[in-house]
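Biologist: I would like to go through the charged pairs of this model, and after that its nonpolar interior. Could we begin with the salt bridges?

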Amino acid sequence: MGRIDQDTVNRIIDAADIVEVVSDFVKLRRSGANYKGLCPFHNERTPSFSVNKARNICKCFSCGKGGSPVNFIMEHEQMSFQEALRYLARKYNIEIVEKELSAQERQAENDREAMLAVNDFALKNFRHNLHDTADGRNIALQYFRHRGLSDAMIERFQLGYALDMPSALIDAAHEAGYVDKYLIDTGLAGVSERDGQHRLYDRFRGRVLFPIHTISGRVVGFGGRTMRSDKNLAKYVNSPESVIYKKNLELYGLYQAKSAIARRDKCILVEGYLDVISMHQAGVENVVASSGTSLTEGQIRAIRRFTNNVTVIYDADAAGIKASLRGIKMLLSENMNVKTLLLPAGDDPDSFAQSHSAGQVETYLAENERDIIDFMVEVLMRDVNANDPMARAKVVNTILETIACIDEPVKRQEYISLCSRLMSIAEEVLVPQLNIFIAGRYEEAEKNIQREMARASISDIGKEEGGKNDGQTQTSPDRPLLDLSGNKLKPFEAMLARYLVRYGLLYIINVENDDKSVTPLTTFDVIQSELDIDNIVFSNAEYAAVFKAVGELRHGSWLADRDRRLAEIESEVQTKLEEAREQIRQSGGSMAQIERAEAEVSLSLKGFREHAVNDFDMQYCQSHLINSPDDLVRATALDLLVDKYTLSKIYAKGGDTYSEHDNMYELVQKALCELRNSLVTDLIANLTRELSALDPADADAALDLLRRIADYKSYQQRLAGALGDRIILPRR
């Protein structure tokens, strides 16, 4: 199955009406210009799910889910982007035209499909072995039943068994027509060298198999547990990474758990395969596992598709808890709401679920779920002597390092207050140390961004058509500004990204070139050229992705589509003009009256033309972003496009009002100045620290630092003047 042709994608997006699509699943009622209903993604009694027909988007202002018709179907039906497009194409009777792939793309697609096919074959083979062979029934099936697994769970998770023979799977695959390349690429077969010859062997022989599914249900890998008692054998063997299997993106059980996670708005995180299966068997189905690997950002993003709430289950092993703190920090850094649950001594999720009824498991989870900081204080302080101040200080620092991962100021303050109460330490003592850890986190982020910048700079994208400087921009001192403080800069980058999503392709200023010709610049052109001047790049991934996506539109399909729309608008204008002139002639009147009427019509049509063009430019950008195949672009664009409370006018000092896009150039310049000011503030602070640490005897270096600090302060004063003599920074 190829990719859907872009023209077909555009037809589907144009045809899909958000009210019609959502109405298939939600009862809507009109509320002003919008529609409202109960959110289909979480349980609620008061409608908070809003559908905006004009913008063709929906959003729940309680759980945050929604988007374009495509995104709604993806979320509600748990489909991929391509699957959702096909669903809407069927709904609106649109014929699917698939893109003609290049030879290289076709080969890559063929390789991927062949690897998935050989995994499907292996899955059927392993399941056959489990149920239809003597060894499978007597060894593997008895093992699963000994572990308390029901036949229903064995079937649901598609468990299997690899015969304890050197090449049973390989021989069966050859007989079915599968070639060695894909057996090796998927990791089903390993290669050994003996007597100068390459020999294939079954990687999973003699093991029970736990297939690993993607979110759409395709098998991309396997985890195998040995049935032998040989201690020299690894207990578990997993599929290696491949084109189809990325360990840092997959979570075991997510395919089976995704509906329950979305329904309950919570994901329970455990460690192993059997932990997941036993919890499902106990009736707790919103459970996944990281499969023995450290939790990764990709896995957290997979969870975040369905919920922002995560409960991590631990057994009573304090050493294991301490070792898993990195995963907790990552969850907090990704703005997840984290709770923890400690099982009784001697239990893990598997044994606990096996020894309790479904009702008992649910009750225990509900009554013993705890806040992460409260949990950490209890667990980490267990073995600490009350009279050992160094050990207590170490625990406090561990907890503060965790709190430092939280970006939301209110939540961070609440955790500091909780830590202060639990540890009997004044907040005034904790806050300075917390700030040190936050600064350390920012410094580490700076290093990571510098590494990324060394590989590639996103600001290079689309430079060939970038706009020129209008000559009025205040440029920085001799040292270029670099975006190295992601979380500090987030509010400023968010504002620029908001302008890009809403007005990225809107022409907002004309600049005069050296040859006296005039070049119109879009909002994207202005932002790109200004950032290029100071070598600034977006440091937050979601805003960088939006910037890139708008740039691709700006230098891609937009101009050609715009020319076609301009021709249509001009035709509409001419039709309206002829109709108006005919009415004027029929109404009669003096020549002066006719000329006055025609002048009014011309002025009115000029406004119609301008509005129609601007509307196309804005809608084109917004529509493509909220329907992007990139999950990050789509979600970020929706957040920036949908406001719960919207002011349609900006009020000036004199009482006049104007819409936001009427003053877009000035607003963009203001946002850029605020971003620059934040960067300069950090640079001045860094230089001041360098000066303090300098050897007093090094007078030349001190003078150089003082000169640079003075230059930056002078530049900051010019920025302050541009912003109205006063800069108000958001609280960090």
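Biologist: How many salt bridges does a search of the whole structure find?

Modeller: The search returns 26 salt bridges. Please keep in mind that this is a predicted model.

Biologist: Let us take Asp24. Which side chain does the side chain of Asp24 meet in a salt bridge?

Modeller: Its partner is Lys91, with an N to O distance of 2.7 Å. Asp24 sits in the loop between helix H2 (18-23) and strand S1 (29-31), while Lys91 belongs to helix H4 (residues 81-91), so the salt bridge ties together parts that are 67 residues apart in sequence.

Biologist: Is Asp24 buried, exposed or partly exposed?

Modeller: Asp24 is partly exposed, its relative accessible area being 44%. Lys91 also counts as partly exposed, at 31% relative accessibility.

Biologist: And Asp164, with which residue does that one form a salt bridge?

Modeller: Asp164 pairs with Arg228, and their closest N and O atoms are 2.7 Å apart. Here two loops are joined: Asp164 is in the one between strand S6 (160-162) and helix H8 (168-175), and Arg228 is in the one between strand S10 (219-226) and strand S11 (236-238), so parts 64 residues apart in sequence are tied together. Asp164 is partly exposed at 36% relative accessibility, and Arg228 is partly exposed with a relative accessible area of 39%.

Biologist: What about Glu401 and Lys329, where do they lie in the chain?

Modeller: The side chains of Glu401 and Lys329 form a salt bridge of 3.6 Å, N to O. This pair links distant parts of the chain, 72 residues apart, with Glu401 in helix H18 (residues 389-403) and Lys329 in helix H14 (residues 325-333). Glu401 has a relative accessible area of 32% and is partly exposed; Lys329 is partly exposed as well, at 23%.

Biologist: Which residues are linked with Arg370 in a network of salt bridges?

Modeller: Asp374 and Glu378 are linked with Arg370 in such a network.

Biologist: Changing topic, which residues of the largest nonpolar core touch the most other members?

Modeller: That core has 59 residues, and those touching the most other members are Phe144, Leu159, Leu188, Phe210, Phe222 and Tyr252. Helix H5 (residues 103-132) supplies the largest share of the core, 9 residues.

Biologist: Which residues does Leu159 touch, beyond those up to four places away in sequence?

Modeller: Among them are Phe144, Phe210 and Tyr252, together with Leu130, Leu149, Ile154, Leu209 and Ile277. Leu159 also touches Arg127 and Pro211.

Definitions and conventions
Residues numbered from 1 in each chain as written. Predicted model: local features only at pLDDT ≥ 70, side-chain atom pairs only at ≥ 80, totals over all residues. Heavy atoms only, no water. Salt bridge = Lys/Arg side-chain N within 4 Å of Asp/Glu carboxyl O. Helix = DSSP H or I, 4+ residues; strand = E, 2+ residues; numbered from the N terminus. Buried < 20%, exposed > 50% of the residue type's maximum accessible area, 1.4 Å probe, protein only. Core = buried A, V, L, I, M, F, W, Y, C linked by side-chain atoms within 4.5 Å. Contact = heavy atoms within 4.5 Å.
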